[in-house]
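Colleague: Can we go through the side-chain contacts in this one? I'd like to hear the reasoning behind each label.

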Amino acid sequence: MKKKKTSLPNLSFHGCAVNQREMRPPPFLLLITLAACVGWGVAAAPVQLRPPATIMDGGAPLCPGMPGSGYAIPCVTDWNGDGKKDLLVGYQPDGQIALYLNLGTDAQPCFTNFTVLKTADGTIIKHSSSGCGAPAPWVCDFDGDGKRDLLVGAGLDGTVWFYRNTNTDTAPLLAPGVQLMVGTNVLSVGIRATPYVCDWDGDGLPDLLCGAGSGYVYFFKNTNTAQAPIFASGVKIQAGGADLCLAGSLGGVGRSVVRVFDWDGDGLKDLVCSSDGGVYWCRNTNNNSNPILQAPVPICVLATTNLVPIVTGPVPGARMRLDLVDWNNDGVIDLILGNADGTVYAYEGQFRIGIVAQPGNNVALQWNSMPHLSYNVLTSDCVISVHNLAVANLPSGGTCTGWTNQMQDRPQFFRVELAP
């Protein structure tokens with residue numbers, strides 16, 4: 001069979017699926033499947049994040065609330081329908097939601113000053129709360145009419161409010177807020193509600209996931225339609241065979257926020273979550289209709305020469321509130337993180353890979369990397385067990401590291417991992 005001789009385009013881990021469910025790489029393990037005779041592919045591996053950059057408001061760090069204690073809760077959305085990422089930030093002590101319109105580009109957002117969200121009659125959207133209970137915004141088409149609406153989680157009583165967009169996506173006008181219900185009772189998670197809408201159980205209907213001040217995550221199943229959601233009573237999401245609680249042994253005292261995303265690119269939706277204690281990944285090991293989650297694993301980032309769990313302040317007290325979006329339009333998911341001091345950080349995702357054929361039956365593996373690290377490359381002709389060490393302690397090439405190997409007349413599988 002004739003070998004491939006042409007260069008291949010860069011591939012991204014984000015959204016790539018594999019069939020071999022036996023290959024479950026742990027965090028920071030980068031797995032490349034290269035079949036020299038029968039094809040090429042990229043197998044699953046978790047997103048890796050670069051150190052944070054502070055999101056700026058003009059020449060100063062963005063901070064709509066009280067400096068040092070604004071308790072920022074971010075949500076990235078195209079609020080005015082111009083095709084660019086805008087930023088909503090719930091903040092204290094005002095209990096309001098700041099709207100930062102993007103004055104830059106979609107790939108390079110730029111913010112200067114903010115306005116506060118109001119309803120169509122001019123009333124400021126305000127959900128006062130003691131302590132760190134800033135309002136938690138989430139933007140989605142909640143009533144299935146094709147227009148973006150606003151949900152807001154209240155800190156004081158754990159309720160969720162729906163503000164319907166009565167106009168257009170380019171000029172939203174919000175109706176007065178109404179509380180979401182469970183039957184005849186007001187829906188509540190106690191305190192510090194952080195709503196997020198997705199189809200959690202794969203039935204085609206948008207459900208509600210909601211973090212809480214307790215650290216638990218609640219699933220409210222939509223039992224009706226996309227146009228008129230009716231929610232069943234909340235049940236606690238499980239991870240690792242127990243109720244997921246982002247508190248206790250994980251550090252901190254709770255205040256959970258969740259997003260659903262295929263973090264390792266295996267085709268299954270996972271849970272990415274944050275709390276006072278850190279930022280975590282709960283891996284789905286079952287399917288998209290009935291997710292079964294592993295216990296939370298801290299998501300780490302490079303600090304000087306080591307990978308360390310993301311913590312933006314002392315625990316307890318960090319008050320981390322996450323959102324996920326491709327912030328810089330490079331095709332890889334990024335992490336946006338609100339901080340207790342009212343600032344917001346962007347952690348750039350960096351798992352992008354190139355596989356390039358070269359003269360002399362050689363193939364070059366290239367992957368995004370970070371300075372100070374080193375890598376091991378392992379190989380095998382068996383996809384189930386890639387354990388033969390080909391090169392050890394390959395030094396980082398900076399932001400891109402590569403290794404060249406001669407192709408064989410049989411399938412080859414390579415694994416790249418961080419060296420101890």
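Modeller: Sure. Let's start with burial: a residue is called buried when its relative accessible area is under 20%, exposed when it is over 50%, and partly exposed in between. Bear in mind that this is a predicted model.

Colleague: Then why is F142 called buried?

Modeller: F142 has a relative accessibility of 7%, and buried means under 20%, so F142 counts as buried.

Colleague: What about F231, buried or exposed?

Modeller: F231 comes out at 5% relative accessibility, so by the cut-off of 20% this one is buried.

Colleague: And how many aromatic pairs are there?

Modeller: The count comes to 10 aromatic pairs. One of them is Y100 with F114, whose ring centres are 5.3 Å apart.

Colleague: What makes the pair of Y100 and F114 tilted?

Modeller: Two checks. The centres, at 5.3 Å, fall within the 6.5 Å limit, so the rings pair. The planes stand at 50 degrees, which is neither under 30 nor over 60, so the pair is tilted.

Colleague: Where do those two residues sit in the chain?

Modeller: Y100 belongs to strand 9 (residues 96-100), while F114 is in the loop between strand 9 and strand 10 (115-116). They are 14 residues apart, and the pair links distant parts of the chain. Y100 is buried at 0% relative accessibility, whereas F114 is partly exposed at 31%.

Colleague: Back to F142 and F231. Why is that pair called tilted?

Modeller: Their ring centres are 6.2 Å apart and the planes make 35 degrees; stacked would need under 30 and edge-to-face over 60, so tilted is the label.

Colleague: What makes you say the F142 and F231 pair ties together parts of the chain?

Modeller: F142 lies in the loop between strand 11 (136-140) and strand 12 (149-153), and F231 in the loop between strand 19 (217-220) and strand 20 (235-236), so the pair joins parts that are 89 residues apart in sequence.

Colleague: Which residues do ring pairs link into a cluster?

Modeller: Y91, Y100, F111, F114 and W327. Separately, K236 lies over the face of Y216, 3.8 Å from the ring centre.

Colleague: On to charges. How do you know that D143 and R164 form a salt bridge?

Modeller: The N to O distance is 2.7 Å, and a salt bridge calls for a nitrogen of Lys or Arg within 4 Å of a carboxyl oxygen of Asp or Glu, so the pair qualifies. D143 is in the loop between strand 11 and strand 12, and R164 is in the loop between strand 13 (160-163) and strand 14 (178-179), so the bridge ties together parts 21 residues apart in sequence.

Colleague: Why is D143 called buried?

Modeller: D143 is at 11%, under the 20% cut-off, so buried it is. R164, at 34%, is partly exposed.

Colleague: What else does R164 meet in a salt bridge?

Modeller: D145, with N to O at 3.5 Å. D145 counts as partly exposed at 31% relative accessibility. D143, D145, K147 and R164 are linked in a network of salt bridges.

Colleague: And how many salt bridges does a search of the whole structure find?

Modeller: It finds 13, including R148 with D169 at 3.7 Å, N to O.

Key
Residues are numbered from 1 along each chain as its sequence is written. This is a predicted model: local features need pLDDT of at least 70, side-chain atom pairs count only at pLDDT 80 or more; totals for chains, interfaces and linings use all residues. Side-chain values use heavy atoms; hydrogens and water are left out. Rings of Phe, Tyr and Trp (its six-membered ring) pair if their centres lie within 6.5 Å; planes under 30 degrees apart count as stacked, over 60 as edge-to-face and the rest as tilted. Helices (H or I, at least four residues) and strands (E, at least two) are DSSP runs, numbered from the N terminus. Buried means under 20% relative accessible area, exposed over 50%, partly exposed in between (1.4 Å probe, protein chains only). A charge sits over a ring if NZ of Lys or CZ of Arg is within 6 Å of the ring centre and within 35 degrees of the ring normal. A salt bridge is a side-chain nitrogen of Lys or Arg within 4 Å of a carboxyl oxygen of Asp or Glu.
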